[in-house]
Amino acid sequence: MKAEWMGKLIAGAVGLILLTASPAWAHGHHGCMGHHGHGGPIGFYLMNQDQLGLSKKQVDRLVALKMDFMKTKIMEKAQIRILHVEAMELMMHHNVNVKAVQDKVSKILAHKRKIMDAKVQTIAEAHRVLTAQQYQMVKEMWREMMRMHHGLMPHHPMMGHPAQSM
């Protein structure tokens with residue numbers, strides 16, 4: 001019974017990996033909107049590559065950074081899912097081994113930390129791919145997008161923003 005259950009878990013993890021490894025990442029399109037509203041800053045850069053004047057070398061580097069991060073994220077999330085299932089199994093006993101569950105939770109948090117650390121490193125590297133001029137263009141594009149999102153006029157940068165009302 002346990003072997004059958006583990007087989008289903010592994011099949012589910014493989015399915016998740018295949019589902020999330022869609023080729024759409026190369027163009028910055030994701031079902032899940034992230035930082036900058038387009039699958040993270042790399043997705044935003046790639047979506048606006050013509051406007052930013054990115055070279056083929058820059059695009060290739062950004063795609064490689066995004067792919068490396070996605071691989072890390074997929075692997076770490078698979079480990080988190082397995083640890084979660086194991087922790088839940090440990091908690092299905094009358095006398096719960098609290099220490100064992102806490103160990104699983106600590107491992108889950110360590111894997112989540114790896115994802116966050118990889119994200120920070122990837123974003124930092126992605127910023128370095130852009131020239132100073134391209135980065136300034138990105139900042140302006142982001143500001144304009146935020147103005148439009150909040151329905152603000154270009155000459156009133158943050159007036160009416162909810163955080164300003166407090």
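Is Arg-113 buried or exposed, and what is its relative accessible area? Select Arg-113 and you will find it exposed, with a relative accessible area of 56%, where exposed means over 50%, buried under 20% and partly exposed in between, for a 1.4 Å probe and protein chains only.

This is a predicted model, in which local features need pLDDT of at least 70 and side-chain atom pairs count only at pLDDT 80 or more, while totals for chains, interfaces and linings use all residues. Residues are numbered from 1 along each chain as its sequence is written, and side-chain values use heavy atoms, with hydrogens and water left out.

Stay with Arg-113 and add Asp-117, with which Arg-113 forms a salt bridge, the closest N and O atoms being 3.1 Å apart; the term stands for a side-chain nitrogen of Lys or Arg within 4 Å of a carboxyl oxygen of Asp or Glu. Both residues lie in helix H5, four residues apart, about one turn of the helix, and helices here are DSSP runs (H or I, at least four residues) numbered from the N terminus. Asp-117 counts as partly exposed, at 39% relative accessibility.

Next, select Lys-56 and Asp-60 in helix H4, whose side chains meet in a salt bridge of 2.9 Å, N to O. Lys-56 is exposed at 63%, whereas Asp-60 is partly exposed at 40%.

Now turn to helix H2 (40–47). Seven of its eight residues are buried, so H2 is largely enclosed by the rest of the structure, and what covers these buried residues includes helix H3 (49–52), H4, H5 and H6.

Show H2 together with H5: their axes, which are lines fitted to C-alpha atoms over the stretch in contact, come within 9 Å and cross at roughly 30°. The two helices are therefore roughly parallel to each other, a label for angles under 35 degrees between N-to-C directions, on a scale from 0 to 180 degrees. To see the contact (heavy atoms within 4.5 Å), select Pro-41, Ile-42 and Tyr-45 of H2 with Thr-122, Ile-123, Ala-126 and His-127 of H5.

Finally, select Tyr-45, Leu-54 and Leu-62, the residues with the most contacts inside the largest nonpolar core, which has 15 residues. Such a core is a set of buried Ala, Val, Leu, Ile, Met, Phe, Trp, Tyr and Cys residues joined through side-chain atoms within 4.5 Å. A second, separate core of six residues includes Phe-69, Ile-80, Ile-108 and Ala-118.

Terms used. Angles under 35 degrees count as roughly parallel, over 145 as roughly antiparallel, 65 to 115 as roughly perpendicular and the rest as oblique.
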